[in-house]
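Me: I'd like to talk through the charged pairs and a helix contact in this protein. Could you take me through them?

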Amino acid sequence: MLPSQLTKSNQNYQDSMLYDFQKKIVDNSKPNFLIASDVGTGKTMMAIHHYLKFNKGEPLLIVAPPAKIKEGGWDTEIDLVSKTYGIEIDYKMLSYGVLSKNWKLYKSYYVVFDECHYVKNPTSQRGKAAYQLTKLSSNFLLLSGTPASNDIGDMINYFIMFGFVQNKTQFNKQYGIWEQKFFGQRMINQVIDYKDQGKLLSWYKSIAVSIKKDDVLDLPPIIFRTIKFKASKEYKIIAKDRVLNDKAYDNPSSLTHGLREHANTDEKLAYLQMLFEGTDNNIVIFYNYNSELDAIKEIAKDKTVFEVNGKRQQIPHKIDWGELKNSVTLVQYMAGSAGIELQYANIVVYYTPTFSFQDYAQSLGRTHRNGQNKKVTVFKFSTSETIEENVWGALANKQDFDKKLYLETKLGVK
């Protein structure tokens with residue numbers, strides 16, 4: 001971008017493209033910053049204008065999940081901004097999947113980490129590469145609706161990126177609360193909480209701002225309904241015998257997955273069948289297992305079916321949303337909880353809950369976001385006296401920390 005183009009865009013953007021709350025965020029942001037903005041509040045548009053404000057002619061690099069890149073939202077928004085302001089924006093896209101291999105290629109770029117919770121683990125190859133890329137960058141911006149959903153431990157890599165600490169070892173040594181625990185026959189030290197949390201939250205507050213869509217957007221209502229089922233015979237067999245149809249569930253991981261997959265199948269499918277027959281509205285169903293995908297597709301033959309999973313990234317094009325009806329979009333959490341827009345649907349079904357509050361919060365914002373013009377109804381399937389009840393309870397507890405962060409850094413606090 002030429003300096004003359006930059007001056008032109010900085011003079012005009014305040015009056016043309018941003019909502020008032022978005023202008024306020026860009027105005028009060030710092031060159032290196034974290035925008036913890038709820039899904040549907042326009043993080044992409046704010047990030048582009050943050051780049052327009054702080055770059056000095058260097059190109060833009062957007063690091064994003066593969067699904068977000070394929071969806072094309074960044075390309076569309078950058079094209080819109082470029083045409084509106086009469087400028088050219090030199091940018092490249094980089095998938096988190098190849099970040100650890102290719103980060104060295106982008107020296108002196110202005111870097112946006114979209115869905116930055118993908119790099120919150122400072123000891124992973126991806127997390128380490130993200131930190132190294134921030135050191136190479138001219139400036140960097142982190143974006144996520146749920147940057148630290150579990151506890152302060154999720155913030156460690158952000159604190160490293162912004163220079164508060166050098167590494168995770170130093171952070172845990174200085175701020176960790178340690179406890180000895182048995183793992184098998186071994187006793188090991190483990191961090192169970194963090195001290196000086198007021199200080200740590202003040203660090204976060206100095207680098208971040210939080211926005212909830214309900215505070216800044218006039219969205220249609222969202223209604224939650226919990227649908228209860230009884231534990232299946234298969235669930236009880238696995239819980240008692242650790243085996244089902246000659247398949248052994250003989251370690252904690254396989255047992256957990258077996259219990260989740262077999263909590264209840266028949267009653268859930270029967271309820272879905274009733275839901276399918278009773279509406280021609282567009283439905284999104286979040287699931288975990290391939291067996292669930294196959295079973296749901298079998299009863300959805302009278303619907304238009306779309307899939308988002310490890311094998312397919314298939315959703316309707318935006319130009320078809322207005323005419324679309326009687327569709328079912330089946331989304332596997334890991335593949336589609338973030339980075340796609342599903343506002344064409346106004347019924348959401350959580351067929352099985354996810355262990356990750358990150359995935360849950362992100363998935364919830366796929367339909368209830370800016371552009372939704374219908375009331376959204378969310379059906380949460382929960383099988384009584386099974387692991388599913390525990391999972392839903394854990395998700396509710398993690399939401400408490402997410403809310404705490406929001407209250408510390410919400411728009412208007414600074």
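Me: How many salt bridges does the count come to?

Reply: Happy to help! This is a predicted model, where local features need pLDDT of at least 70, side-chain atom pairs count only at pLDDT 80 or more, and totals for chains, interfaces and linings use all residues. Residues are numbered from 1 along each chain as its sequence is written, and side-chain values use heavy atoms, leaving out hydrogens and water. Taking a salt bridge as a side-chain nitrogen of Lys or Arg within 4 Å of a carboxyl oxygen of Asp or Glu, the count comes to 10.

Me: Which residue's side chain meets Glu 389 in a salt bridge?

Reply: Glu 389 lies in helix H18 (residues 387-409) and its partner in strand E9 (residues 222-229), so the pair ties together parts 161 residues apart in sequence. Helices (H or I, at least four residues) and strands (E, at least two) are DSSP runs, numbered from the N terminus. The N to O distance is 3.1 Å, and the partner is Lys 228.

Me: Is Glu 341 buried or exposed?

Reply: Glu 341 forms a salt bridge with Lys 318 at 3.1 Å, N to O. Buried means under 20% relative accessible area, exposed over 50%, and partly exposed in between (1.4 Å probe, protein chains only). Lys 318, at 44%, is partly exposed. Glu 341 has 17%, so Glu 341 is buried.

Me: Which residues in H15 does H14 meet?

Reply: On the H14 side, Leu 269, Leu 272, Gln 273 and Phe 276 take part. With contact meaning heavy atoms within 4.5 Å, their partners in H15 are Ala 295, Ile 296 and Ile 299.
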